[in-house]
Amino acid sequence: MYLDSAATSLNPEPVVQAMLEYLLDLSANVERGAYRLASEAEERWDLARAYTAKLLLNCEPYEFIFARNTTEALCAIAYGLEHPLLDRFPDGFREAEPLIRWKRGDNIVVSSLEHHSNLLPWMRLARHVGAELRVIDFDTRSGVIPPENLEKAVDERTRVVALQHCSNVTGVVHPVKEFVRIAKEANSDCIVVIDGSQGPGHMPVDVRQIGCDAYAFSGHKGPMGPQGSGGVFVRAELLERMDPIEIGGGTIADVTVRDYKLRDDVLSKRWEAGTPSIACLIGLGRAAQYVAEDIGLQRVEQHEQKLVEQLIEGLREIPNIEIYGETEDLRIKAGVVSFNIRGMHSRDAALALDSMFQPPICVRGGHHCAIPAMRRLGVWETYGGTVRASLHYYNTEEDVEYFLKAIRQLAQL
């Protein structure tokens, strides 16, 4: 009984088949050889980028960088905002005009609800450039990051705002379009980065409508792609002025023993040094098609909301259960529900669900890589975090009822 899709989702057969076809029938490198196998591999790889960019984010392929996961993507963006582009220009090999001229008194805004991967890179960047890291709090009852908290934190010296789209702790879908508006009104040059780990694949996402400067996600979560796949949208105007965190094969147009010229035919590819994980990225492209076209993202979203409503209503009826992110409007809840059984450590509850029931139930117990959020919820010292059940399209009402029955038994212990 798999209820841990916020950590990693199950792979549909068509996704596995697409990867196998590449591995068994092609298995050639991309952007290296001129022979037919290599050309076909490259064509599938490029199509995977186009499908992923358009179907999951509504952006152009040249604005979409392949990455292993959200963590790699966010670290790359933070690096690029610290380091101006080093490249060969008509007047010589030099650094481009910095995207941000960091000064003492500048600030970066994050929230206490962020996954560590959307906190640590900005914490490190703030330390490197001498900026203030401002942390806004979320509401512990609803699990929402109130827009008014962001409004109080941003000003004309805010250089970066990095916030999540959907919480991996509370399951709340935040008003990211409003976050962008607030940040840009305070400083039109502010860079707004969205951690979309729990968004694409669970719901329609349109980075044009959101208005953000960057949006990162992992392929192995919502899209139901393989581990080691994901990516990030970055506005082309920013990509042109940010230095890639890695350079080497595949990123250049020309090299001498003294300088180099980065490629500009497809901007995003200058950020993808070396041989990529081709099979995984082809799998991601097929996953994008599967979830967006074969099923339909609105169908996925509606199905998950129905299951979440059933799950939360069932938990409310069980004594000794504490629910976190209990928003009144379940329409802003994705398929993530966090709770604890009073008197039972979250990890013990997860282990009991796996060992005491047949079929075993797979949930996550712990801090979910969000220890500051656990501390604010007051569950870090007592429970070690929360028990988290996370759903996807393949889960059913019967799954939820079976899970609730198991929780009733544990709550009586």
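**Cysteines**

I looked for disulfides in this predicted model and counted 0. I then checked Cys-212, whose closest cysteine sulfur belongs to Cys-59. The two sulfurs are 9.4 Å apart, which is too far for a bond, because a disulfide needs the pair within 2.5 Å. Cys-212 is buried, at 2% relative accessibility. I looked up Cys-362 next and found it in no disulfide either. Its nearest cysteine sulfur, in Cys-369, is 18 Å away. Cys-362 is partly exposed, with a relative accessibility of 29%.

**Nonpolar cores**

Cys-212 came up again when I turned to the largest nonpolar core, which has 64 residues. Which members touch the most others? I noted Leu-57, Leu-150, Val-161, Cys-212 and Tyr-215. Helix H9, residues 278–295, gives the most to this core, with 9 residues. I also noted a second core, separate from this one, with 33 residues. Ala-67, Leu-81, Ala-162 and Trp-271 are among them. For background, I wrote down that nonpolar side chains tend to be buried together in soluble globular proteins.

I listed the contacts of Tyr-215, leaving out neighbours within four places in sequence. They include Leu-57, also named above as a residue that touches the most other core members. Ile-194, Val-205, Val-207, Ile-210, Val-232 and Phe-233 are also among the contacts of Tyr-215. So are His-165, Pro-200 and the glycines Gly-196, Gly-199 and Gly-231.

**Surface patch**

I looked for nonpolar residues on the surface and found a patch of Val-16, Leu-20, Leu-23 and Leu-24. Together they have about 360 Å² of accessible area. Leu-20 sits in helix H1, residues 13–26. Its relative accessible area is 34%, so I recorded Leu-20 as partly exposed.

**Ser-268**

I placed Ser-268 in the loop between strand E11 (260–262) and H9. Is Ser-268 buried or exposed? Its relative accessible area is 0%, so I entered it as buried. Not counting residues up to four places away in sequence, Ser-268 touches Arg-49, Leu-239 and a run that I wrote down as Pro-61, Tyr-62, Glu-63, Phe-64 and Ile-65.

**Salt bridges**

I counted 30 salt bridges in the structure. I looked at Asp-4 and Arg-388, whose side chains meet at 3.6 Å, N to O. Asp-4 belongs to the segment before H1 and Arg-388 to strand E15 (residues 386–390), so this salt bridge ties together parts that are 384 residues apart in sequence. Both ends are buried: Asp-4 has a relative accessible area of 13%, and Arg-388 has 1%.

I then looked up Glu-322 and Arg-342, which form a salt bridge with the closest N and O atoms 3.2 Å apart. Glu-322 is in strand E12 (residues 321–324), while Arg-342 is in the loop between strand E13 (336–341) and helix H11 (346–355). The two residues are 20 residues apart, and the pair links distant parts of the chain. Glu-322 is partly exposed at 23% relative accessibility, and Arg-342 is partly exposed at 44%.

My next pair was Arg-101 and Glu-97, with 3.0 Å between the closest N and O atoms of their salt bridge. I recorded Glu-97 as partly exposed, at 45% relative accessible area.

Which residues are linked in a network of salt bridges? I wrote down Glu-31, Asp-46, Arg-263, Asp-265 and Lys-269.

Methods: Residues are numbered from 1 along each chain as its sequence is written. This is a predicted model: local features need pLDDT of at least 70, side-chain atom pairs count only at pLDDT 80 or more; totals for chains, interfaces and linings use all residues. Side-chain values use heavy atoms; hydrogens and water are left out. A nonpolar core is a set of buried Ala, Val, Leu, Ile, Met, Phe, Trp, Tyr and Cys residues joined through side-chain atoms within 4.5 Å. Buried means under 20% relative accessible area, exposed over 50%, partly exposed in between (1.4 Å probe, protein chains only). Helices (H or I, at least four residues) and strands (E, at least two) are DSSP runs, numbered from the N terminus. Contact means heavy atoms within 4.5 Å. Patches are made of residues with over 30% relative accessible area and no salt bridge: like charges are joined within 9 Å, nonpolar side chains (Val, Leu, Ile, Met, Phe, Trp, Tyr) within 5 Å. Accessible areas come from the Shrake-Rupley method with a 1.4 Å probe; for residues, only the protein chains shown count as cover. A salt bridge is a side-chain nitrogen of Lys or Arg within 4 Å of a carboxyl oxygen of Asp or Glu.
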